[in-house]
Amino acid sequence: MAIRREFLLCLAALALTCGAAGAHEAAATGESVEVLTVQPLPDAPPKLATLISVGYAPGQVSAPHRHPGSVLAYVVEGEVVSQLGGQPPRHYRAGQFWYEPPGAAHLLSRNASADKPARLVAWLLSEPGEARRQPLPADDAPQ
């Protein structure tokens, strides 16, 4: 338990201190996505570990999507509502995290507040050349 907490605190600290060094990605719905680092994993070639920071304006929602590899997401600021396929929506506050298995449908990811920003950091596993975020086909997306 202590190791997990230390790991998550390190992720949050890295996100807060490395933010200016990363490249920005524009997501389809406008949330700010900043790539903080991309590292090859020598003990699991050809896998890449990517750390991103995702900022949500008040009330902002991400488009439904999936990630090809495992994801660990940690809320750094504010509150986020997240829903994976086959699960109910879950409310996460700063200091809480969730895991997404490879290929899971991420049906909902939104700022829970209508007047305060939210930010999370996420660690994503992928392979070189693979899109880290893939839109859900229309038949998989929520109606």
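This report describes the fold, sheet pairing, nonpolar core and some local features of a predicted model.

## Overall composition

The protein chain contains 1 helix and 11 strands. In sequence order the pattern is α-β-β-β-β-β-β-β-β-β-β-β, with the helix ahead of the strands. Of the 143 residues in the chain, 40% are buried.

Contacts between residues at least 6 apart in sequence were also sorted by separation, and 65% of them join residues at least 24 apart. The accessible surface of the protein chain is about 7,700 Å², and carbon and sulfur atoms account for 59% of that surface.

## Strand pairing

One open sheet is built from 5 strands in the order 7-6-9-4-11, and its pairing is antiparallel. The edges of this sheet are strand 7 (90-93) and strand 11 (134-135); each has a single partner strand, so one side of each lacks a neighbour in the sheet. Inside the order, strand 6 (residues 79-84) and strand 9 (residues 105-111) run antiparallel and are joined by 5 bridges. One residue pair across strands is Q83 with L108, the latter in strand 9.

Strand 5 and strand 8 also pair in the antiparallel sense, over 4 bridges. Here Y74 has F97 of strand 8 as its bridge partner.

## The largest nonpolar core

The largest nonpolar core comprises 15 residues, and those with the most contacts inside it are I52, V54, V80, W98, L120 and A122. Two or more residues each come from strand 2 (32-40), strand 3 (48-56), strand 5 (71-77) and strand 10. Strand 10 gives the largest share, 4 residues. In soluble globular proteins, nonpolar side chains tend to be buried together.

L120 illustrates how such a residue is surrounded. Beyond its neighbours within four places in sequence, L120 is in contact with I52, S53, V54, Y56, A73, Y74, V75, V76, V80 and W98.

## A122 in strand 10

A122 lies in strand 10, which spans residues 118-126. Is A122 buried or exposed? Its relative accessible area is 5%, and the cut-off for buried is under 20%, so A122 counts as buried.

Neighbours within four places in sequence aside, the contacts of A122 are T50, L51, I52, V71, L72 and A73. V71 is 51 residues away along the chain, yet the C-alpha atoms of A122 and V71 are separated by 6.6 Å.

## Strand 8 and the aromatic pair

Side chains alternate along strand 8 (residues 97-100). W98 and E100 point to one face and are buried, whereas F97 and Y99 point to the other face and are not buried. F97, on the face that is not buried, is the residue noted above as the bridge partner of Y74.

How many aromatic pairs does a search of the whole structure find? The search returns 1. The pair is formed by Y92 and W98, with 4.6 Å centre to centre and 35 degrees between the planes, a tilted arrangement. Both Y92 and W98 are buried. W98 is also among the residues with the most contacts inside the largest nonpolar core.

## A cis peptide bond

Most peptide bonds are trans. The bond from P45 to P46, however, is cis, with omega near 0 degrees. P46 is located in the loop between strand 2 and strand 3. Strand 2 and strand 3 are both among the elements that give two or more residues to the largest nonpolar core.

Definitions and conventions
Residues are numbered from 1 along each chain as its sequence is written. This is a predicted model: local features need pLDDT of at least 70, side-chain atom pairs count only at pLDDT 80 or more; totals for chains, interfaces and linings use all residues. Side-chain values use heavy atoms; hydrogens and water are left out. Buried means under 20% relative accessible area, exposed over 50%, partly exposed in between (1.4 Å probe, protein chains only). Contact means heavy atoms within 4.5 Å. Two strands pair if DSSP finds at least two bridges between them. A nonpolar core is a set of buried Ala, Val, Leu, Ile, Met, Phe, Trp, Tyr and Cys residues joined through side-chain atoms within 4.5 Å. Rings of Phe, Tyr and Trp (its six-membered ring) pair if their centres lie within 6.5 Å; planes under 30 degrees apart count as stacked, over 60 as edge-to-face and the rest as tilted. Accessible areas come from the Shrake-Rupley method with a 1.4 Å probe; for residues, only the protein chains shown count as cover.
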